[in-house]
Amino acid sequence: MASTLNADNGVSSGTSGVKITSDASGVLAIQSSGTTTATFNASGYLGIGTASPSRLLEVSGATGISRVTSTTGTNAVYQEFNNTGGVN
């Protein structure tokens, strides 16, 4: 699969429509078929499903956005959320 690096158009790979772009403000975006699917902003925040993340990781979607699965069916799967201070 051929890849192209172009300062104006980002990086494109093959025929899948995947493109990586960046701009002068430091935003790096990953696009698929013309739709931005992930964005890294100048603060280092990653947005999935949002072009303007305001947290270290921000995930947004109209349907279920998280799945944790055990591939063995016998091992426990954990998802942990901690708030070590503050209200947000």
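Of the 88 residues of the protein, 11% count as buried. The model is predicted. The protein exposes about 6,900 Å², and carbon and sulfur atoms supply 52% of that area. Among contacts between residues at least 6 apart in sequence, 1% join residues at least 24 apart.

**Overall architecture**

The secondary structure comprises 0 helices and 7 strands. Read along the sequence, the pattern is therefore β-β-β-β-β-β-β. Strand S4 covers residues 28-32 and takes part in two antiparallel pairings, described next.

**Strand S4 and its partners**

Strand S3, residues 18-22, runs antiparallel to S4, and 5 bridges join the two. Within this pairing, serine 22 stands opposite leucine 28 of S4, and threonine 21 has alanine 29 of S4 as its bridge partner. On the other pairing, S4 is joined by 5 bridges to strand S5, residues 35-40, and these strands also run antiparallel. Here the bridge partner of glutamine 31 is threonine 36 in S5.

Both pairings are hairpins, and in each a residue with a positive phi is found. The table sets out the two cases.

| Hairpin | Residues between the strands | Residue with positive phi | Phi |
|---|---|---|---|
| S3 and S4 | 5 residues | glycine 26 | near 95 degrees |
| S4 and S5 | 2 residues | serine 33 | near 55 degrees |

In a regular strand the side chains alternate between the two faces of the sheet. Strand S4 shows such an alternation: Ala29 and Gln31 point to one face and are buried, while Leu28, Ile30 and Ser32 point to the other and are not.

**Glutamine 31**

Which residues does glutamine 31 contact, leaving aside its neighbours within four places in sequence? They are Gly17, Val18, Lys19, Thr21, Thr36 and Thr37. Glutamine 31 has its place in strand S4. Its relative accessibility is 18%, and because the limit for a buried residue is under 20%, glutamine 31 counts as buried. With threonine 36, its bridge partner in S5, glutamine 31 also shares a polar contact of 3.5 Å between the two side chains.

**Threonine 50**

Is threonine 50, in the loop between strand S6 (46-48) and S7, buried or exposed? Threonine 50 is buried, because its relative accessible area of 18% falls under the 20% limit. A polar atom of the side chain of threonine 50 lies 3.3 Å from the backbone nitrogen of serine 52. Not counting residues up to four places away in sequence, threonine 50 touches Thr39, Glu58 and Ser60. Thr39 belongs to the range of strand S5, residues 35-40, and Glu58 to that of strand S7 (57-59).

**Serine 70**

Serine 70 lies in the segment after strand S7 (57-59). At 22% relative accessibility, serine 70 counts as partly exposed, because buried residues are those under 20% and exposed residues those over 50%. Leaving aside its neighbours within four places in sequence, serine 70 is in contact with Asn75 and Val77.

**Summary of the picture**

Strand S4 is paired by 5 bridges with S3 and by 5 bridges with S5. One of its residues, glutamine 31, is buried at 18% relative accessibility and is linked to threonine 36 both as a bridge partner and through a side-chain polar contact. Beyond these strands, threonine 50 in the loop between S6 and S7 is buried, whereas serine 70 is partly exposed.

Methods: Residues are numbered from 1 along each chain as its sequence is written. This is a predicted model: local features need pLDDT of at least 70, side-chain atom pairs count only at pLDDT 80 or more; totals for chains, interfaces and linings use all residues. Side-chain values use heavy atoms; hydrogens and water are left out. Two strands pair if DSSP finds at least two bridges between them. Helices (H or I, at least four residues) and strands (E, at least two) are DSSP runs, numbered from the N terminus. Buried means under 20% relative accessible area, exposed over 50%, partly exposed in between (1.4 Å probe, protein chains only). Contact means heavy atoms within 4.5 Å. Accessible areas come from the Shrake-Rupley method with a 1.4 Å probe; for residues, only the protein chains shown count as cover. A polar contact is a pair of N or O atoms within 3.5 Å; within protein, one must be able to donate a hydrogen and the other to accept it, and residues adjacent in sequence count only if both atoms are side-chain atoms.
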